[in-house]
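Grab a coffee and open the viewer. Below are a few short exercises, each with a worked solution.

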Amino acid sequence: MTRLQATAIAHSNIAFVKYWGNRDPLLRLPYNDSLSMNLSAATTTTTVAFAEDLSTDRLTIDGEKHIGPALDRVSRQLDLVRLRAGLRLRATVQSRNSFPMGTGIASSASGFAALTMAAAQAAGLSLSEAELSALARRGSGSAARSIPGGYVLWHAGTADSDSFAESVFPADHWDLRDIVAIVSRRHKGLGSTDGHGAAEGSPLFRGRLASVAETLATVRGALASRDMARFGAAIEAEALNLHAIAMTGRPPALYWSPATVAVMHQVQAWRAEGLAVWFTLDAGPNVHLICEGQDAAAVEGGLRNLEFVEGILANRVAGAAHLAPTLVV
Ligand code: PMV
């Protein structure tokens, strides 16, 4: 019996300059370039096995079977791989996250990067990193940035083939840390796919598009010279900018809980006391505290004293998505 299988591991990522809004929602072509770092403590390991005896695709995440919208989205991504490979076989997809489900840590970036790499390998495709990144983008935009390693830039591009991510600095370029303060384990109200659609309705969106290239230049320059103060100020302002768009979108989305705001104020207070820490946010309530390695212990210690912080996920800069021996069948 024909059985084609492969396993891939991908890290999630946190964007310093964010992707928010699609110029082309079907192809997931973003309005602007974005820049991120891969997260060491947030990985997805996915095995894809195409087999003749399957009549439909099957999906298991962290031991739980999924049908409905989650399976449909995975099947659409597998269809893209099948189309390229000229393959008709259905697949079993088994996926595991290193971070517990329901921590509010986005798994779509690592999830679709690992799925795409494993499926392409299993189907016998031989794709470049840029081609894999562009393909992962179709499943979830931010997944494009989880294919290359270290600090990653996603070129918005103009078409399917030139909208991909590449590494701009390796992981060891700068020992930045992302210490995630988990303040809510609930699923966010408006998923990011709908959030991208709502962004264009914000009267502030044009202003964001007019300034985001300058933000990227500042962040990239500060990253190149490891200028923490300049870097931190720019990424914090950028995160607030994204949330201003979300709050004024159509429909509007308020991702913050009271604890989100409390952590943001605490970060600014610590900074006033001399601790070099800044925050960024995804489309959710948890706060990502960004600092250099030398300050990580102080930041973690501070967070542990806050009773409204339910958990901490401490990340270093991680490498690229890669293939692994198949552990589950
Ligand atoms: O990849 P998506 O569709 O889940 O969008 C990610 C959106 C943000 O996390 C808010 C920003 C980003 O660039 O990762």
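**Exercise 1.** Which residues does Ser-34 touch, not counting residues up to four places away in sequence?

*Solution.* First, some ground rules. This is a predicted model, so local features need pLDDT of at least 70 and side-chain atom pairs pLDDT 80 or more, while totals for chains, interfaces and linings use all residues. Residues are numbered from 1 along each chain as its sequence is written, and side-chain values use heavy atoms, with hydrogens and water left out.

- Step 1: find Ser-34 in strand E4 (residues 34-51); helices (H or I, at least four residues) and strands (E, at least two) are DSSP runs, numbered from the N terminus.
- Step 2: list its partners, taking contact as heavy atoms within 4.5 Å. They are Val-17, Lys-18, Tyr-19, Arg-145, Val-152, Leu-153 and Trp-154.
- Step 3: pick out the polar contact. The side chains of Ser-34 and Arg-145 meet at 2.8 Å. A polar contact is a pair of N or O atoms within 3.5 Å; within protein, one must be able to donate a hydrogen and the other to accept it, and residues adjacent in sequence count only if both atoms are side-chain atoms.
- Step 4: check exposure. Ser-34 counts as buried because its relative accessibility is 0%; buried means under 20% relative accessible area, exposed over 50% and partly exposed in between (1.4 Å probe, protein chains only).

**Exercise 2.** Work out the surroundings of Asn-315, which lies in strand E13 (residues 311-315).

*Solution.*

- Step 1: Asn-315 has a relative accessible area of 2%, so it is buried.
- Step 2: beyond its neighbours within four places in sequence, its contacts include Met-37, Leu-39, Ser-40, Arg-177 and Asp-178.
- Step 3: look at the side chain of Asn-315. One of its polar atoms is 3.5 Å from the backbone nitrogen of Ser-40, and the side chain also reaches the backbone oxygen of Leu-313 at 3.4 Å.

**Exercise 3.** How is the protein chain divided into domains?

*Solution.*

- Step 1: the chain splits into domain 1 (3-173) and domain 2 (176-315), with bounds from an automatic or database domain assignment.
- Step 2: the centres of the two domains, taken over C-alpha atoms, are 23 Å apart.
- Step 3: across the boundary, 30 residues of domain 1 are in contact with 42 residues of domain 2.

**Exercise 4.** Which helices each supply at least two residues of the lining of the second largest pocket?

*Solution.*

- Step 1: the helices are H1 (69-85), H3 (129-139) and H4 (192-199). H1 gives the largest share, four residues.
- Step 2: bring in the domains. Domain 1 and domain 2 each give at least three residues to this lining.

**Exercise 5.** Compare two residues with unusual backbone angles, Arg-28 and Arg-226.

*Solution.*

- Step 1: recall the background. Most residues other than glycine have a negative phi, and most peptide bonds are trans.
- Step 2: Arg-28 has a positive phi of about 55° and sits in the loop between strand E2 (22-24) and strand E3 (29-30). Arg-28 is buried, because its relative accessible area is 11%.
- Step 3: Arg-226 also has a positive phi of about 55°, in the loop between helix H5 (205-224) and H6. With a relative accessible area of 43%, Arg-226 is partly exposed.
- Step 4: finish with a peptide bond. Arg-250 and Pro-251 are joined by a cis one, with omega about 0°. Pro-251 is in the loop between helix H6 (228-247) and helix H7 (258-272).
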